[in-house]
Amino acid sequence: GMEKMQGDNANDRQALPDVSPWKKIAVALAGPLCNIILALVIAIIVYFAPEDGITDENGVYIAQVEETSGAYAAGLRAGDEIKAINGNPVKSWYETRVECLLGANDDEQVDLTVQNAVDGERTVRVSVNAPENSNDLIVGVFQAVPCLINQIVPGSPAEQAGLMADDIIYSIDNTMVIGTAHFIEIVQKNPDKEIPLIIRRNDKTITLPITPKYDSEHDQVMIGIHFGGTMSMPWTLSGTPIEQVKTDASSIFRLLKALTTKGEAKKAAGGLGGPVAIFTMIWFALKMGIFNALGLIRFININLAVLNLLPLPVLDGGHIVFSLWEGITRRKVHPKVVGTLVNIFAVLLIGAMIMLSWRDADRNWNISRIFNVFKKAPVEQVATPAGTDSESGDAGNP
């Protein structure tokens, strides 16, 4: 009876038309291809979108360096622009954060390549903080932030000068502003004196005269504005559609490279977020505006396409590898081998998802630090003066 059984099986198998391995590959490629097409469509929408909020893609500038810090002793100064970390170029504070966290040596230090108009380009070694202390990523260094006006205090000098919410302050008293602390410091020096203020409003540059006034309630010279927050995101909202997709792909490739690099893998795995983190990110992005949310969806689609093409069983990339083997050797990978591998990787994948979800939840939903959201600053809150070299603030063009 055994022979008969096997015979039947063989006949059944013949009865099913055998799909050519190349067709299987085409089917497996269809999913990631759809992700990429959707991402490109979104990239085109984002490309033609009006400028939406502020991202930090004008360069990575340092607003302030504490004079007592190792960074200051190493030669880092306010107004410096960070060009690379351990030789890896960076274009935003998000990339800076990634490279600092992945590239720190055992003493938690990295080599910064910085430049400014006075000292030219140089490399300095600085200490970096653990990701939990995200506010000062580089010890003693505060990042330059576009000064985005969130609210105007009624009856204030700012209202009289004609400032509006969503204006971005670029320069005051003929000095390029490199952060809110720097701005406040210049205002302090000019009570009851009319000074020029240069702002950007809807892609137009406007110069307004303003007269800061002493405010007895806060005991400081003020113009009467609340600053808004700024965001540093993994996804870009600028560049041509192809450039946007390339930026998305480069960040996932950077992560994959880190996961497979000795010395970086543990830190990279520690920074991964699971489904909970992704949903929270979508929620944050939606609150920040539709184009930002579209940017995130584009970013997720490119991530999915790249991950899906990894040559692992369960993923499309795995199916492609099996089919390529069949196409080249003219024989199928044994179904038992395929089944076993798929099961093992399915268990690993589901396990990883559960572990990441648990860890996300365990982080007390405190996912806002991924975003490095600057808390809405109180009215021109008093800041420590940014050292004496504030005149270097006009280095670099925003």
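Student: Okay, I've got this much down: contact means heavy atoms within 4.5 Å. With that in hand, what do the buried residues of helix 4 pack against?

Tutor: One thing up front: this is a predicted model. In it, the buried residues of helix 4 pack against strand 2, strand 3, strand 4 and strand 6 (141-143), and also against helix 7 and helix 8.

Student: Which residues of helix 4 are the buried ones?

Tutor: Helix 4 covers residues 93-103, and its buried residues are W93, T96, R97, E99, C100, L102 and G103.

Student: Is there some pattern behind a list like that? What does a helix do to the way residues point?

Tutor: An α-helix has 3.6 residues a turn, so residues three or four places apart point the same way. Keep that in mind when you look at W93, T96 and C100, which are among the buried ones in helix 4.

Student: Let's zoom out. How many helices and strands are in the chain?

Tutor: The chain has 13 helices and 14 strands. It has 398 residues, and 42% of them count as buried.

Student: And what share of the contacts comes from residues 24 or more positions apart?

Tutor: That share is 67%, taken over the contacts in the chain with a separation of 6 or more.

Student: You mentioned C100. How many disulfides does the search find?

Tutor: Zero, and the search takes in the whole structure.

Student: Then where do C34 and C100 sit, buried or exposed?

Tutor: C34 is exposed, at 52% relative accessible area. C100 counts as buried, because its relative accessibility is 0%.

Student: Strands next. Which ones form the open sheet?

Tutor: Four strands make an open sheet, in the order 3-2-4-5, with antiparallel pairing. Strand 3 (88-89) and strand 5 (120-127) are the edge strands, each pairing on one side only.

Student: How many bridges are there between strand 2 and strand 4?

Tutor: Four. Strand 2 (residues 81-85) pairs with strand 4 (residues 109-116) in the antiparallel sense over four bridges. If you want to find a spot on screen, look at E81, whose bridge partner in strand 4 is Q115.

Student: What about strand 7, what's that joined to?

Tutor: Strand 7 (residues 147-152) is joined by two bridges to strand 8 (residues 168-172), and they run antiparallel. C147 has I169 of strand 8 as its bridge partner. Strand 7 is also joined to strand 14, by three bridges and again antiparallel. There, I152 stands opposite I225 of strand 14.

Student: Switching topic: rings! How many aromatic pairs are there?

Tutor: The count is two. One is Y47 with F48: the ring centres are 5.0 Å apart and the planes are at 70 degrees, so this pair is edge-to-face.

Student: Are those two rings buried or exposed?

Tutor: Y47 is partly exposed, with 41% relative accessible area. F48 is exposed, at 64%.

Student: And the other pair, what kind is W235 with F299?

Tutor: Tilted, because the planes of W235 and F299 are at 45 degrees, with the ring centres 6.2 Å apart. W235 lies in the loop between strand 14 (225-227) and helix 7 (241-259), while F299 is in helix 10 (residues 290-308), so the pair ties together parts that are 64 residues apart in sequence.

Student: Buried or exposed, for W235 and F299?

Tutor: W235 counts as buried at 1% relative accessibility, and F299 is buried too, at 11%.

Student: I also spotted R77 by a ring. Which ring does R77 lie over?

Tutor: R77 lies over the face of Y72, 3.6 Å from the ring centre.

Student: Last couple. Where is T261 found?

Tutor: T261 is in the loop between helix 7 and helix 8 (265-271), and T261 is partly exposed at 27% relative accessible area. A polar atom of the T261 side chain lies 2.4 Å from the backbone oxygen of K257. T261 and L102 are 159 residues apart in sequence, yet 9.9 Å apart in space, C-alpha to C-alpha.

Student: And N35, what is N35 in contact with?

Tutor: Leaving aside neighbours within four places in sequence, N35 is in contact with N301, L304 and A305. N35 lies in helix 2 (residues 21-48) and counts as buried, at 15% relative accessibility.

Note on methods. Residues numbered from 1 in each chain as written. Predicted model: local features only at pLDDT ≥ 70, side-chain atom pairs only at ≥ 80, totals over all residues. Heavy atoms only, no water. Disulfide = S-S within 2.5 Å. Buried < 20%, exposed > 50% of the residue type's maximum accessible area, 1.4 Å probe, protein only. Phe/Tyr/Trp six-rings, centres within 6.5 Å; stacked < 30°, edge-to-face > 60°. Lys NZ or Arg CZ within 6 Å of the ring centre and 35° of its normal. Polar contact = N/O pair within 3.5 Å; in protein donor to acceptor, adjacent residues only side chain to side chain. Pairing = 2+ DSSP bridges.
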